[in-house]
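Reader: I'm new to reading protein structures, and I'd love a close look at a single part. Could you pick one strand and its surroundings and walk me through them slowly?

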Amino acid sequence: MANPNLSFKYELEKKAPRTNDGGITRGASVTDFPASIGIAGVSMRLAPGSMREMHWHANAAEWGYVITGACRTTILHPDGTSYIDYFYPGDIWYFPKGYGHSIQAISDEECHFILIFDNGDFSEDHTFSVTDFVSSVPPEIAAQNLGLTLEEVAKLPQKEAYFAAGPVPDPSTTLASARSEADISLVSMHRYPLHAQQPRIVPGGGTQRLVTSKEFPISTTMSGSFIEMQPGTLREMHWHPNADEWQYFIEGQAEMGVFLAQGNFVKDQFNAGDVGYVPMGAGHYIKNTGDTVLKILLGFNSGIYQSVDLSEWISSNPKDVVETNFSLPPGEIDEFPTGKIFMKPKN
């Protein structure tokens, strides 16, 4: 039974953005997108040199994916180790909950990236920015902490900056180096080049790239996938027993159906810039309904990826079990899948 009152679609890129100092952000938490109870997401764009200021998230880890442009991130661990990394299209990052970090566009083009958080209740109320922190405490406390005079503190931002405009950094200069004696690791645990990965290929259907905590050990609470589907291709009926799924449609058009048990079924149509969501354990499918390649970024709120695909489940059972289950006479199930199909190309 179709449910016309429930939707697993949110038109993220049509939302009025928050913008200033070269930054644009659109976010969707469970408040904006009621179906998305387990995961929240943000689409952010930074002009060259602009920065999402130094901040931390109190109630969620952050998983990022770069769509266009390039950016530099910094992060400090509680043990004093810090990392400075550079990201390009197809790269991802992961910042644990509560770790202070920043993001800055470093090329001569806008940097567009998607942020996925492992908590649907993520919001700015749980995000703490350094300018907001410093401007909220008594001036004499800020002066003592930073080694400044009260006059110099008065020249600092007097409210949260959120975005900060600046010149495009030159990584070869000392300005791009850490200022302290903290341990700086040259091999970062925060960057994974997803698009350098050899994809899983379904002939005539599409590709999948998948990253979990196995490939990206620091990403303990999240995993992700990037899929491309040819026109007419179906990502077969399946479900994820251990995680919710959050989707950002990068290119193309699609249909997604979500099955919620007891005959409840919801179908939505998606375009580029839309977000989709599937609750843990809910059956679903995605079909490319356009005439171009469909590209989707998928995020899961578990570091371990698990999927049960209908074709593999059916084919793992004896024939008589399937015949009895579907009330079919012997022989009529010969057209059923005999192995996992994952993606089914257009007939």
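Author: Let's start with β20 and strand β23 (residues 283-288), which run antiparallel and are joined by six bridges. Keep in mind as you look that this is a predicted model. To find the pairing on screen, pick Val258: its bridge partner in β23 is His284. Hold on to His284, as we'll come back to that residue.

β20 also has strand β21 (residues 265-270) as a partner, again antiparallel and again over six bridges. Here you can use Met256 as your marker, since Asp268 is its bridge partner in β21. β20 and β21 make a hairpin with five residues between the strands, and in that hairpin Ala261 takes a positive phi near 80°. What holds such pairs together? Strands of a sheet pair through backbone hydrogen bonds, either parallel or antiparallel.

Is β20 itself mostly covered or mostly open? It's mostly covered: the strand spans residues 254-259, and five of its six residues are buried.

Now back to His284. Its side chain is joined to that of Glu245 by a polar contact of 3.1 Å. Glu245 sits in strand β19 (residues 245-251), and it's worth a pause. Glu245 is buried, yet it has no salt bridge. How far away is the nearest side chain of opposite charge? That's Arg235, at 6.9 Å. A salt bridge needs the nitrogen and oxygen within 4 Å, so Arg235 doesn't qualify. Glu245 does make a polar contact with another histidine, though: its side chain and that of His240 are 2.7 Å apart. If you look around Glu245, leaving out residues up to four places away in sequence, you'll find that it touches several others, including Ile39, Tyr277, Val278, Ile286, Leu298 and Phe300.

Next, zoom out from Glu245 to its strand. β19 and strand β24 (residues 294-300) run antiparallel, with six bridges joining them. At Glu251, the bridge partner in β24 is Lys295. Both strands belong to an open sheet of seven, in the order β1-β22-β19-β24-β17-β16-β15, with antiparallel pairing. At the edges stand β1 (9-10) and β15 (200-202), and each has a single partner strand, so one side of each is left without a neighbour in the sheet.

After Glu245, you may wonder what charged pairs do elsewhere. Side chains of opposite charge can pair when their charged atoms come close. A search of the whole structure turns up 15 salt bridges. One of them links Lys14 and Glu11, whose closest N and O atoms are 3.5 Å apart. Lys14 counts as exposed because its relative accessibility is 65%, while Glu11, at 33%, counts as partly exposed. These two are part of a network of salt bridges that also takes in Lys9 and Asp274.

Another salt bridge joins Arg18 to Glu160, with 3.4 Å between the closest N and O atoms. This one links distant parts of the chain: Arg18 is in strand β2 (residues 18-20) and Glu160 in the loop between α3 (150-154) and β13 (163-164), 142 residues apart.

For a last example, take Lys319 and Asp334, whose side chains meet in a salt bridge of 3.2 Å, N to O. Lys319 lies in helix α5 (residues 319-325) and Asp334 in the loop between α5 and β26 (343-344), so the pair ties together parts that are 15 residues apart in sequence. Lys319 counts as exposed, with 52% relative accessibility, and Asp334 as partly exposed, with 47%.

Key. Residues numbered from 1 in each chain as written. Predicted model: local features only at pLDDT ≥ 70, side-chain atom pairs only at ≥ 80, totals over all residues. Heavy atoms only, no water. Buried < 20%, exposed > 50% of the residue type's maximum accessible area, 1.4 Å probe, protein only. Helix = DSSP H or I, 4+ residues; strand = E, 2+ residues; numbered from the N terminus. Pairing = 2+ DSSP bridges. Lys, Arg positive; Asp, Glu negative; His and termini not counted. Polar contact = N/O pair within 3.5 Å; in protein donor to acceptor, adjacent residues only side chain to side chain. Contact = heavy atoms within 4.5 Å.
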